[in-house]
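Visitor: I'd like a close look at the enclosed empty space inside this protein. Please show me what surrounds it, and then follow the chain outwards from there.

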Amino acid sequence: MGLADIIKYDEKGLVPVIAQDYENGQVLMLAYANKEAVEKTVKERTCYYYSRSRQELWHKGDTSGHFQYVKAIYYDCDCDTLLIKVEQIGAACHTGKRSCFYRDENGKEVL
C-alpha cells in the first residue's frame, strides 16, 4: 500500500496539496491532486496535479517549463492534505511570480 492509498480524498476524489520551497520554506502554491496525480508524483518525483477548471491531470512545468522536483512529501494527521517540499524551477504561479502568495490582505504586492 502506497501513499496514494493512505490519503483521504474529498467527495470529488481530490486532496489539497501545498507546494513549499525545500530550501527556504516559502509557500509556493496550493493545488489539488487526484489519486493518479499522487501516484505519478511519488513515482516520478516531479509534481502532478489535477486541474479542476480543465478537469484533467496536469504535470507542473509541461507548458511553462517551471517544473517542481520533489524533495520530500508529507501528509497531515488526518491524511487529507499533502505538503510537498520542492525544488522550484522558475515561477510557481501562472502570473510569473515565484509564489502564488505575493499579495497581502490589502492587495499590496509584497514579493
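Guide: Happy to. A cavity here is a set of grid points where a 1.4 Å probe fits but cannot get out, and its volume is the space filled by probe spheres set on those points. Please keep in mind that this is a predicted model.

With that in hand, how many cavities of 30 Å³ or more does a search of the whole structure find? The search turns up one. The largest cavity has a volume of about 50 Å³. Its lining is made up of L3, V17, A33, A37, V38, T41, V42, Y48, Y49, I73, L82 and I84. In character, these residues divide into eleven nonpolar and one polar, with no charged residue at all. The polar one is T41, since threonine is not among the residue types counted as nonpolar or charged.

Which elements build this wall? Helix α2, strand β3 (48–51) and strand β6 (82–88) each supply at least two residues of the lining. The greatest contribution is that of α2, with four residues. On the strand side, Y48 and Y49 of β3 take part, as do L82 and I84 of β6.

Now let's stay with α2, which runs over residues 35–44. Among its residues, A37, V38 and T41 are buried. They cover an arc of only 100 degrees around the axis, so they sit on the same side of α2. These three residues also appear in the lining of the largest cavity.

Following the chain out of α2, you come at once to R45, which takes a positive phi of about 60 degrees. R45 has this positive phi although it is not a glycine. It is found in the loop between α2 and β3, and with a relative accessibility of 34% it counts as partly exposed. A second residue to look at in this respect is C79, also not a glycine, with a positive phi near 60 degrees. C79 lies in the loop between β5 and β6. What is its exposure, buried or exposed? At 16% relative accessible area C79 is buried, because the cut-off for that label is under 20%.

R45 also leads us to Y69, a residue of strand β5 (residues 68–75). Not counting residues up to four places away in sequence, Y69 touches R45, T46, K85, V86, E87 and I89. Its relative accessibility is 36%, so Y69 counts as partly exposed. You can also relate Y69 back to the helix: Y69 and T41 are 28 residues apart in sequence, yet 9.2 Å apart in space from C-alpha to C-alpha.

V86 in turn takes us to strand β1. Leaving aside neighbours within four places in sequence, D21 is in contact with Q26, L28, V86 and R98. D21 lies in β1, which spans residues 15–21, and it is buried, with a relative accessible area of 5%. Where does its side chain reach? It comes to the backbone nitrogen of E23 at 2.7 Å, and to the backbone nitrogen of N24 at 3.0 Å.

For contrast with the cavity, let's turn to the largest pocket, an open space with a volume of about 560 Å³. Its lining has 22 residues, of which M29, R54, W58, K60 and H94 lie nearest the centre. These 22 divide into ten nonpolar, eight polar and four charged. Strands β2 (27–33), β3 and β4 (56–59) each supply at least two lining residues, and β2 has the largest share, with four. So β3 is one of the elements that supply at least two residues to both linings, that of the cavity and that of the pocket.

One last stop is G61, in the loop between β4 and β5. G61 is buried, at 4% relative accessible area. Beyond its neighbours within four places in sequence, G61 is in contact with H66 and F67. It also gives us a route back to the cavity wall: the C-alpha atoms of G61 and Y48 are 13 residues apart along the chain and separated by 9.3 Å, and Y48 is one of the residues that line the largest cavity.

Key: Residues are numbered from 1 along each chain as its sequence is written. This is a predicted model: local features need pLDDT of at least 70, side-chain atom pairs count only at pLDDT 80 or more; totals for chains, interfaces and linings use all residues. Side-chain values use heavy atoms; hydrogens and water are left out. Buried means under 20% relative accessible area, exposed over 50%, partly exposed in between (1.4 Å probe, protein chains only). The arc is that of the directions from the helix axis to the C-beta atoms. On a 1 Å grid over the protein atoms alone, a cavity is a set of points where a 1.4 Å probe fits but cannot get out, and a pocket is an open set with protein on both sides within 12 Å along at least five of seven lines; lining residues have an atom within 4 Å of a point. A polar contact is a pair of N or O atoms within 3.5 Å; within protein, one must be able to donate a hydrogen and the other to accept it, and residues adjacent in sequence count only if both atoms are side-chain atoms. Contact means heavy atoms within 4.5 Å.
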